[in-house]
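Visitor: I should like to examine the ligand site and the backbone of this model. May we proceed by question and answer?

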Amino acid sequence: MADKVLILNGPNLNLLGKRQPEIYGTITLAEIDEMCKLHGTQRGLAVECRQSNHEGEIIDWIHEARELKAGIILNAGAYSHSSIAIMDAISSAERPVIEVHLSNIHKRESYRHTSYVSKVAVGMICGLGAQGYILAIEAISRILEDEKKRLTGPSSQKLIANP
Ligand code: DQA
């Protein structure tokens, strides 16, 4: 069965395409979701995309992913810069999380330079627009492959044979 990857987008990202196109581009979230699902299929991953403007809902979905998903790609929008609760949820998820931002948050206002998500994510991609989500799928795909190799590779066989 295909590994399941959850792509979560946070507040205001439902307005992509209309919202500050000079910063975020003209692509809509529906188009990004479509592109990600297609790319996931090509990598043997079942990609599911959700968006919420509510912190608690994003936290609930991260909790759900703990049991049901292999990995998470998260653009927490402005919550990235403020939410210790989302950071804690990621820490408890025990699943690899890749952080994505369409814009280069380090080139922007200083209040965007700190991300609580970055403190607990495996890695972060920013400034590459919608392409960042595709690169995040590539990263998750490799991480999950490596995880499988570690669990089934010769050294783990040795551990099973000689506990
Ligand atoms: C964003 C960057 C955040 O600073 C901002 O609040 C967003 C979008 C991005 O994708 O570039 O809502 O996460």
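The exchange below concerns a predicted model and turns from the ligand to a loop.

Visitor: Which residue has a backbone N or O atom 2.8 Å from an oxygen atom of the ligand?

Guide: Two side chains make polar contacts with ligand oxygen: an N or O atom of Asn75 at 2.8 Å, and a polar atom of His101 at 2.7 Å. Neither of these is a backbone contact. The backbone N or O atom at 2.8 Å from a ligand oxygen belongs to Leu102.

Visitor: How much of the accessible area of the ligand does the protein cover?

Guide: The space that the ligand takes is the largest pocket. On its own, the ligand has 320 Å² of accessible area, and the share covered by the protein is 99%.

Visitor: How many charged residues are in the shell around the ligand?

Guide: The residues around the ligand include Arg19, Tyr24, His81, Ser103 and Arg112. By class, four members of the shell are nonpolar and five are polar. Arginine counts as charged, whereas histidine counts as polar. The number of charged residues is two.

Visitor: Is Asn12 buried, partly exposed or exposed?

Guide: Asn12 lies in the loop between strand S1 (3–9) and helix H1 (21–24), and has a positive phi of about 75° without being a glycine. Buried would require under 20% relative accessible area, and exposed over 50%. With a value of 36%, Asn12 is therefore partly exposed.

Visitor: Which relative accessibility does Gln20 have?

Guide: Gln20 also lies in the loop between S1 and H1. Its phi is positive, about 30°, although Gln20 is not a glycine. Gln20 counts as partly exposed because its relative accessibility is 36%.

Methods. Residues numbered from 1 in each chain as written. Predicted model: local features only at pLDDT ≥ 70, side-chain atom pairs only at ≥ 80, totals over all residues. Heavy atoms only, no water. Near = heavy atom within 4 Å. Polar contact = N/O pair within 3.5 Å; in protein donor to acceptor, adjacent residues only side chain to side chain. Areas by Shrake-Rupley, 256 points an atom, 1.4 Å probe, with all protein chains shown as cover. 1 Å grid on protein atoms, 1.4 Å probe; cavity = no way out; pocket = protein on both sides within 12 Å on 5 of 7 lines; lining within 4 Å. Sits in = over half its atoms within 2 Å of the grid points. Helix = DSSP H or I, 4+ residues; strand = E, 2+ residues; numbered from the N terminus. Buried < 20%, exposed > 50% of the residue type's maximum accessible area, 1.4 Å probe, protein only.
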